[in-house]
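Please look over the sequence and the fold before reading on. The paragraphs below lead through the interior of the model and then to two individual positions.

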Amino acid sequence: MARRRRPLLPPPPQLVWLAVLFSAVAPAVAKTDKSDVAALNVMFDSMNKPSQLSGWKSSGGDPCGDDEEWKGIECSGSSVTEINLSGLGLSGSLGYQLSSLKSVTKFDVSNNNLKGDLPYQLPPNVVQLNLYGNSFTGGVPYSISQMEDLETLNVGKNHLSGQLTDMFSQLSKLSTLDLSFNRFSGSLPQSFQHLKDLKTLNLESNQFSGHIDVLGKLPLEDLIGGNQWSSGSAPPGMEKGSAVGGSSGGGGGGGINGIVIAAIVIAVLLAALILLSVLKRNHTSSASSHYIMDDSGHNRSFTPLVDDGKAINMKPLEHSSSISSRTPSAMPSKSISDNEFENKLNYSRRTTDPINLVTYSSSDLQAATGSFHSSRLLGQGTIGGVFKAKYADGRVLAVKKFDPLSFSGSSDFMDLVNSISKLRHPNISELVGYCSEPGHYMLVYDYNMNGSLYDFLHLSDDYSKPLTWDTRVRIAVGTACALEYLHDVCSPPMIHKNIKASNVLLDADLNPRLTDCGLAYFYEDTSQSLGPGYDPPECTSSSGYVMKSDVYCFGVVMLQLLTGQKPYDSSKPRAEQSLVKFVTPQLHDINALEALADPALRGLYPPKALSRFADVLARCVQSDPEFRPSMSEVVQSLLQCVQRSTSNRRLGGLRSVSQRSDDSDW
């Protein structure tokens with residue numbers, strides 16, 4: 001007789017609850033590498049959070065997870081391997097954290113409206129890099145020289161300029177290089193001869209000149225030229241008749257005749273363009289070719305100017321978040337347009353317009369800061385703390401809360417508010433509001449998401465990336481311009497008295513914003529407010545601090561940018577504790593200087609740039625204030641370094657054209 005099968009019993013309720021709990025928790029475990037997610041978050045914000053990028057987020061997310069789909073993203077396991085965003089109408093910039101995308105082999109953002117300089121940091125192991133058809137400025141960043149697996153590099157149809165750096169020696173796998181429709185100039189770099197796999201080279205519509213011998217032994221199958229070549233043996237592509245504007249359609253003598261005819265036509269066109277350029281320059285030079293309005297509305301003598309009014313193009317001009325494009329340029333000689341000049345005059349006039357600030361209640365700010373909870377504390381100074389304020393609509397502000405006894409009354413505080421509200425400069429933190437109630441005196445500023453320069457240099461975590469050379473120079477120039485504004489433009493001149501890395505804030509694009517401006521009254525004892533390592537030698541008393549003392553403190557900030565070290569480090573041997581005392585004697589020794597450079601730079605900086613930067617800061621930290629330069633001179637020195645030496649430099653953030661071959665390594 002068959003045995004009766006026992007009925008299945010339901011699982012115990014404890015197991016049911018465990019299964020439900022596991023199913024709820026499992027999706028919360030992110031699959032994607034954290035550094036990849038962080039890089040994409042920054043990229044999304046930098047592109048102005050475009051709605052067409054479905055699935056993308058400003059923070060967090062799991063693009064490689066099973067339940068999320070980020071447009072244009074392909075993954076392998078937990079790593080992002082491809083980013084394909086071609087032709088989506090994207091704007092903004094690419095951000096500063098792309099070097100975190102170590103597994104990305106294809107990066108395509110072609111045919112969009114992206115602007116700004118090509119990021120120095122790009123996916124380091126990319127095989128196909130396509131940036132064609134945007135509005136990128138600057139030059140080809142030197143970091144590309146380290147991409148040994150790169151096979152395709154397309155930066156055509158942008159606004160790139162300058163001379164190509166000799167940076168192609170290690171790109172032996174490069175098979176396609178498109179530099180067309182830009183404004184590159186000068187000779188082709190000698191390192192082109194190492195491109196043993198190069199099949200396609202497009203140089204059309206640039207201003208290259210000089211010899212083409214360097215292409216003679218390359219296995220080129222398709223070469224498009226159309227520049228002002230002088231002489232030299234013709235490479236294979238040119239022998240086939242494809243050197244000027246494409247193939248000739250015939251062989252032998254027909255191809256040669258085609259080249260000769262094309263050369264004559266080009267020569268005639270060039271002569272006509274040169275004549276028109278001379279006539280135009282003569283017509284406008286008396287009005288605008290020798291001066292440009294700076295951020296303050298003051299004329300500064302610089303020539304020549306770029307045709308669209310942009311100069312040191314740190315980022316596209318957004319006048320509350322970047323170094324102004326109204327800074328001198330050394331691009332090819334073209335005069336500033338009438339409209340641009342009028343805009344500069346209007347900008348100058350606006351700086352004196354009355355400013356409407358938002359009045360906040362103490363209860364409102366208390367609620368937004370969690371009752372000024374310690375978890376919201378951004379920084380603590382001698383006159384009060386700075387707290388992060390969050391609002392339901394997404395706004396984030398920074399609130400500087402003064403000690404209640406700092407002011408004798410509301411009128412005293414309002415005098416301070418009125419003074420600070422008149423400060424209008426792109427590299428100075430903007431005051432947006434205030435609270436003036438008995439016992440509650442607060443200033444409200446825009447919040448800078450990247451914190452302070454001190455944090456970025458000295459408190460970075462595993463997922464933070466070091467500042468690149470071009471970014472460090474941009475921070476130095478922007479901070480110098482802010483101080484020049486306080487010293488030379490404000491009337492009466494304004495001493496800052498608290499210049500230090502923790503008061504140089506960094507916005508979303510890592511542009512500097514100097515804070516604590518207009519508060520010098522509170523910093524009688526600068527040894528307390530500045531901290532060790534910053535105090536200028538002359539400041540033995542409160543009256544000892546002079547305008548040139550600001551210059552000294554700025555020099556200490558520049559030293560930190562150069563070395564990555566703290567201004568004072570008690571953990572080091574006594575002789576090395578003070579950064580100024582230890583480093584200053586070595587600033588003119590090129591071998592010692594290279595050893596002092598921040599290891600986080602990984603050697604990715606031009607040696608001449610390092611030396612020139614060191615020369616400027618060495619003058620700033622002179623022990624005698626009289627021997628220090630004014631901030632105006634500091635700005636001039638930094639800009640002159642850039643202007644006279646960019647033809648071959650590796651820096652991506654500041655662009656100009658050099659006429660000197662011996663100064664080609666900024």
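**From the interior to two loops**

In this predicted model, Phe554 is in contact, once its neighbours within four places in sequence are left aside, with Ala476, Thr479, Ala480, Leu483, Ile499, Cys620, Met631 and Val634. Phe554 also belongs to the largest nonpolar core, a set of 62 residues in which Phe554, Leu453, Leu486, Leu587 and Phe613 have the most contacts. Two or more residues of this core come from each of α8 (453-458), α9 (469-489), β23 (504-506), α11 (547-563), α12 (579-583), α13 (590-596), α14 (607-620) and α15 (631-644), and the greatest contribution is that of α9, which supplies eleven residues. Apart from this core lies another, made up of 54 residues that include Leu101, Phe107, Leu171 and Leu223. In soluble globular proteins, nonpolar side chains tend to be buried together.

Two loop positions may be considered next. Asn448 is located in the loop that runs between β22 (440-446) and α8, and, because its relative accessible area is 8%, which lies under the 20% limit, Asn448 counts as buried. Beyond residues up to four places away in sequence, Asn448 touches Ser429, Leu505, Leu506, Asp507 and Arg513.

Gly216, for its part, is found in the loop between β12 (207-210) and β13 (222-224). Its relative accessible area is 25%, so Gly216 is classed as partly exposed, given that this class lies between the limits of 20% and 50%. Although Gly216 and Gln193 are 23 residues apart along the chain, their C-alpha atoms are separated by 8.3 Å.

Technical notes. Residues numbered from 1 in each chain as written. Predicted model: local features only at pLDDT ≥ 70, side-chain atom pairs only at ≥ 80, totals over all residues. Heavy atoms only, no water. Core = buried A, V, L, I, M, F, W, Y, C linked by side-chain atoms within 4.5 Å. Buried < 20%, exposed > 50% of the residue type's maximum accessible area, 1.4 Å probe, protein only. Helix = DSSP H or I, 4+ residues; strand = E, 2+ residues; numbered from the N terminus. Contact = heavy atoms within 4.5 Å.
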